[in-house]
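Got your viewer open? Grab the mouse and let's take a walk through this one, stop by stop.

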Amino acid sequence: MLEILSDIDYEKFRKLIYDESGITFSATNRSILDGRIKELLRKKNIATPAEYYQLVTHNSDEMKEMLDSITTNLTRFFRNQPHFDAFINYVIPNVLERKKASSFDKTVKIWSAGCSTGEEPLTISMILKEILPPGYNFQITASDISLKSLLVGQKGFYPDAKVEGIPENYLSKYFTKIEGGYQANKEILDPIKFDYHNLKNDSGIRNLDVIFCRNVLIYFDEAAQLSVVNRFYDALANNAFLFIGHSESLFGMKTQFEFLKTEWACLYHKK
């Protein structure tokens with residue numbers, strides 16, 4: 001039984017994963033990659049890392065499954081409440097003010113990048129259902145590199161323990177209690193398009209009003225971070241907004257984003 005990847009095998013997989021996704025493994029988190037590759041070898045009954053490497057480099061579905069397996073999908077509803085306070089009290093009022101100047105643009109467009117199992121886009125959907133004035137609607141693109149996580153979000157079913165962060169008035173209004181947990185109602189699921197996307201590539205999305213990409217950039221090195229952030233800039237409309245994780249920062253990065261400190265939280269602004 002394989003206990004740990006050899007240095008040569010580790011370097012081959014580390015480079016492959018970086019080239020395919022921008023996700024970086026270093027000496028400090030090598031054990032995570034070792035463990036995930038070992039589990040994949042066991043699951044697929046493959047004898048050696050070299051054999052598995054050949055498989056993933058010649059089969060795109062196997063590559064997607066490997067990238068899925070090495071991501072960490074930690075999330076919850078209303079995670080980092082100050083971000084949502086800023087979203088409600090500052091961002092959306094600014095977005096609506098801009099849209100008032102356009103008689104035809106009444107759709108708020110949002111991207112939840114690295115959405116994991118869907119808690120973030122569903123949180124955004126509930127909030128917008130509550131605060132958007134009559135005549136406005138919204139569209140949320142929810143993307144991730146994990147197909148398994150996207151399927152959870154699409155289904156919209158969450159065990160009891162997973163809904164603990166949802167305020168009771170939201171839970172009773174937007175979820176239905178069923179055996180074993182809660183099912184998100186159609187009205188908050190329908191505006192969300194769950195879509196596989198590798199942040200190493202351009203999404204092709206443009207004229208967005210807000211992007212949430214929280215606790216994702218920490219998995220990239222500086223070069224990959226800059227590439228992702230610049231693509232976010234291109235995807236946003238003018239006077240639009242970017243949320244990143246509270247432990248993440250664009251400080252020292254050569255981007256065109258403006259740092260914005262609101263009463264509730266810090267975020268970034270495309271002038």
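**Stop 1: a ring pair around Tyr233**

Select Tyr233 to begin: at a relative accessible area of 13%, this residue is buried. Keep in mind that you're looking at a predicted model. Now add Phe257 to your selection, which also counts as buried, with 10% relative accessibility. What kind of pair do the rings of Tyr233 and Phe257 make? The planes stand at 85 degrees and the centres are 5.1 Å apart, so this is an edge-to-face pair. Colour the surroundings and you'll see that Tyr233 belongs to helix H10 (residues 222-235), while Phe257 sits in the loop between strand E8 (236-244) and strand E9 (258-261). The pair therefore ties together parts that are 24 residues apart in sequence.

**Stop 2: Phe13, Tyr53 and a lysine**

There are 14 aromatic pairs to hunt for in this model. For another one, pick Phe13 and Tyr53: this pair is edge-to-face too, with 5.5 Å from centre to centre and 85 degrees between the planes. Phe13 is part of helix H1 (residues 7-21) and Tyr53 is part of helix H3 (residues 49-57), so here the link joins parts 40 residues apart in sequence. Is Phe13 buried or exposed? Phe13 has a relative accessible area of 1%, and because buried means under 20%, it counts as buried.

Stay on Tyr53 and show Lys12 as well. Lys12 lies over the face of the Tyr53 ring, 4.5 Å from the ring centre. Then hop to Tyr10 and turn on Arg30: the charged end of Arg30 sits over the Tyr10 ring, at 4.3 Å from its centre.

**Stop 3: a cluster of rings**

Next, type in a longer selection: Phe78, Phe84, Phe87, Tyr170, Tyr174, Phe212 and Phe243. Show them as sticks, and you have one aromatic cluster on screen.

**Stop 4: a three-stranded sheet**

Switch to the cartoon view for the last stop. Which order do the strands of the open sheet follow? Reading across, it goes E3-E5-E4, with antiparallel pairing. The edges are strand E3 (157-159) and strand E4 (175-178), each of which pairs on one side only. Rotate the view a little: neighbouring strands here are turned by 30 degrees against each other on average, ignoring direction.

Zoom in on E4 and strand E5 (residues 181-184), which pair in the antiparallel sense over four bridges. To finish, select Phe175 and look across to E5, where its bridge partner is Ala184.

Note on methods
Residues numbered from 1 in each chain as written. Predicted model: local features only at pLDDT ≥ 70, side-chain atom pairs only at ≥ 80, totals over all residues. Heavy atoms only, no water. Pairing = 2+ DSSP bridges. Helix = DSSP H or I, 4+ residues; strand = E, 2+ residues; numbered from the N terminus. Axes fitted to C-alpha atoms, helices over the stretch in contact; angles between N-to-C directions. Phe/Tyr/Trp six-rings, centres within 6.5 Å; stacked < 30°, edge-to-face > 60°. Buried < 20%, exposed > 50% of the residue type's maximum accessible area, 1.4 Å probe, protein only. Lys NZ or Arg CZ within 6 Å of the ring centre and 35° of its normal.
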